[in-house]
Amino acid sequence: MSQKPSIAAAGTHTEGCREFTLWAPHAKERVDLELDGTRHAMESLPGGWWTLRIPAENGARYGYRLDGGPVLPDPAARRLPDGPHGLAQVVDLDESAWTDDEWTGVELQGSTIYELHVGTFTPEGTLDAAIGRLDHLVELGVDIVELMPVTSFPGVHGWGYDGVAPFSVHEPYGGPLALQRFVDAAHGRGLAVALDVVHNHLGPDGNYLLSYGPYFTDRHHTPWGAAVNLDGPQSDDVRAYLVDNVISWLRDYHLDALRLDAVHELHDDSAVHILEEFTTAVDDLAEENGRRMYLIAESDRNDPRTVTPRDRGGLGLDAQWADDVHHGLHVALTGETQGYYADFVAPHALETVLTSPFFHAGTYSTFRGRTHGRPVDPDLVDGSAFVASLQTHDQVGNRRAGDRLAATVPYRRLAVGAALLLTSPYTPMLFMGEEWAASTPWQYFTDHTDADLAEAVRDGRREEFATHGWTADDVPDPQDVATVNASVLDWDEIGEGEHERMFGWYRALLALRRSRPDLRSGDLADVRVDPGPVDGAFVVVRGAHRVAVNLSSREVDLDLDLPDGGHGSVVLLALDVTTTIDGQRIHLAGDSVVVVGPAAE
């Protein structure tokens with residue numbers, strides 16, 4: 001790609017002129033740049049590339065005509081002020097007043113991630129409004145703020161996974177300059193920023209990439225249709241487009257990490273997988289810029305090679321989501337056994353995922369009807385390479401009513417779950433509002449402007465849950481503005497009753513995690529679960545620390561097996577403040593947890 005133009009260069013400027021560069025092999029005879037209503041012929045280059053150097057002011061509107069056809073938006077547009085069906089706008093991303101020159105990033109190991117959706121994090125639903133809540137995240141004690149996708153999609157409201165312009169920032173959120181302001185403000189408070197990006201498909205409305213070139217192929221298929229063309233004819237430039245996209249987010253917006261959506265749907269039979277190409281490019285950029293940058297994958301393969309270093313035969317990503325940990329915790333806390341949760345009813349499933357991120361590690365999955373996964377070698381991969389959670393946008397939003405755990409799980413049991421997550425050897429991730437047991441649901445909502453598409457999504461949602469016995473009236477209408485409004489966080493409840501208590505509990509757990517290396521260590525070989533006298537009661541061994549848990553309804557006594565006979569060990573945090581150590585034993589009420597460790601470190 002170094003010998004070819006870069007599509008990410010569209011709109012770059014020198015000496016009063018800008019270089020507009022486009023890959024459009026589908027154009028047979030000509031490509032014209034439409035700039036502020038004036039048409040300009042572009043120069044043809046080998047390989048389906050077109051270029052033009054021309055004066056253009058910041059804010060100018062532009063698009064491309066292929067062979068005299070309609071004006072189309074730039075496939076690498078940074079700003080689409082009128083949405084993905086409108087013209088692109090020239091924007092200078094390199095002229096912002098950054099104040100983070102001294103920022104070098106954060107270490108992933110030991111960090112905690114906080115996932116948020118810009119449109120429902122605040123009543124205003126913008127990046128600038130979200131800046132006003134960053135101090136709350138500092139007070140909470142998280143390290144990395146992960147934004148759900150912000151790329152442009154038709155309409156105003158949506159989860160963001162149907163974006164259609166991979167380089168853009170959704171205008172209702174504030175556009176690209178607002179994202180830069182958000183990242184700069186976060187860095188100023190010591191918070192890193194990750195962004196969820198989607199490379200495995202585009203949304204169904206506003207996708208113009210197929211007009212330009214073979215970005216998709218029917219050689220592979222995904223749940224959304226044809227796969228991205230990563231290994232077929234003319235795939236080199238498609239791969240370069242995606243690599244440019246990864247680098248642009250990290251370079252132009254000073255982002256610290258990207259979460260790559262459903263990488264198992266990036267079908268690539270090339271000798272060098274596109275994910276390996278991503279990691280190589282990001283490592284080079286990080287070295288050039290002198291700050292840490294991370295790639296985090298969502299993958300359902302349970303394959304540790306995703307996060308195994310490249311020099312040890314892996315793809316070299318820094319982390320991946322560990323859904324098995326979520327599922328094990330969810331079943332233990334809720335007792336739900338439908339769908340994929342059925343596998344986690346197995347004896348000691350919770351204990352298994354507290355010591356290794358994959359419950360299915362070359363073992364049989366009844367849900368899949370086949371053997372699944374591969375074991376994790378603790379000598380090769382640290383536990384921090386696995387992102388674990390109690391709740392995520394997927395696990396909450398894909399429920400019929402978008403109900404959070406707090407809607408059905410009692411306070412004490414929910415607090416036990418938080419303690420297990422935040423003392424685990426993994427990288428914990430919280431979903432916005434989880435820290436105060438938010439009462440607001442987080443539902444599935446859309447704002448499709450195509451009437452037929454809107455109706456198809458509405459019907460599909462109803463049909464999905466009809467198989468579970470729900471009627472159409474039971475399923476929130478994704479297109480109803482009331483559905484998105486119901487999903488907006490209610491910040492006023494933080495200071496009320498159990499919400500305030502839960503927020504204090506999360507703060508205390510995160511503070512303890514930061515202060516005790518044992519509790520944030522990712523050494524999977526050093527984690528042990530000692531069973532108690534009844535199901536649901538056990539002790540998690542974390543170095544010199546112990547996390548004693550009772551998820552049963554009975555009172556139990558647990559043996560802590562403390563080092564040095566327990567001399568010098570104290571209760572560091574307990575759900576019941578009257579809990580004390582009796583030699584090597586501790587007495588726990590039902591739905592209770594206590595963290596024990598050295599009095600000082």
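**Strands, helices and a sheet: a quick tour**

Okay, let's start with one pair of residues: Leu 260 sits opposite Ala 297 in S16. Before I go on, keep in mind that this is a predicted model.

So where does that pair belong? Strand S15 covers residues 257-260, and strand S16 covers residues 294-297. The two strands run parallel and are joined by 4 bridges. On the way from one to the other there's a helix: S15, H7 and S16 together make a right-handed β-α-β unit.

S15 has another partner as well. Strand S12, residues 192-197, pairs with S15 in the parallel sense, again over 4 bridges. Here Ala 194 is the residue facing Ala 257 of S15.

Now, is S15 covered on one face or on both? Both faces are covered. In a regular strand, side chains alternate between the two faces of the sheet. In S15, Ala 257 and Arg 259 are on one side, Leu 258 and Leu 260 are on the other, and all four are buried. Yes, that includes the arginine, Arg 259.

Back to H7, residues 274-289. Its axis and that of H6, residues 235-252, come within 10 Å and cross at roughly 35°. That crossing is right-handed. From H6, the residues making contact include Leu 242, Val 243, Val 246 and Ile 247, and from H7 they include Phe 278, Ala 281, Val 282 and Leu 285. What's the mix of residue types in this contact? It's 10 nonpolar, no polar and 3 charged. The charged ones are Arg 239 and Arg 251 on H6, plus Glu 277 on H7.

Next, further along the chain. Here we have an open sheet of 5 strands, ordered S22-S23-S24-S29-S26, with antiparallel pairing. S22 and S26 are the edge strands, each pairing on one side only. Between neighbouring strands the turn averages 20°, ignoring direction.

At one edge, S22 (residues 527-531) and S23 (residues 537-542) are joined by 5 bridges, and Val 527 is across from Arg 542 of S23. This is a hairpin with 5 residues between the strands, and Gly 536 there takes a positive phi near 90°.

At the other edge, 5 bridges link S26 to S29, residues 592-598, and these strands run antiparallel. Val 571 faces Val 596 of S29. Helix H14, residues 497-515, packs on the sheet here, touching S26 and S29, and its direction makes about 145° with that of S26.

Last one: helix H11, residues 411-422, lies across S23, S24 and S29, running at about 35° to S29.

Key: Residues are numbered from 1 along each chain as its sequence is written. This is a predicted model: local features need pLDDT of at least 70, side-chain atom pairs count only at pLDDT 80 or more; totals for chains, interfaces and linings use all residues. Side-chain values use heavy atoms; hydrogens and water are left out. Axes are lines fitted to C-alpha atoms, for helices over the stretch in contact, and angles run from 0 to 180 degrees between N-to-C directions. A crossing is left-handed if the near helix is turned anticlockwise from the far one by less than a right angle, and right-handed if clockwise. Contact means heavy atoms within 4.5 Å. Buried means under 20% relative accessible area, exposed over 50%, partly exposed in between (1.4 Å probe, protein chains only). Two strands pair if DSSP finds at least two bridges between them. A crossover is right-handed if, with the strands pointing away from the viewer, the path from the first strand over the helix to the second runs clockwise.
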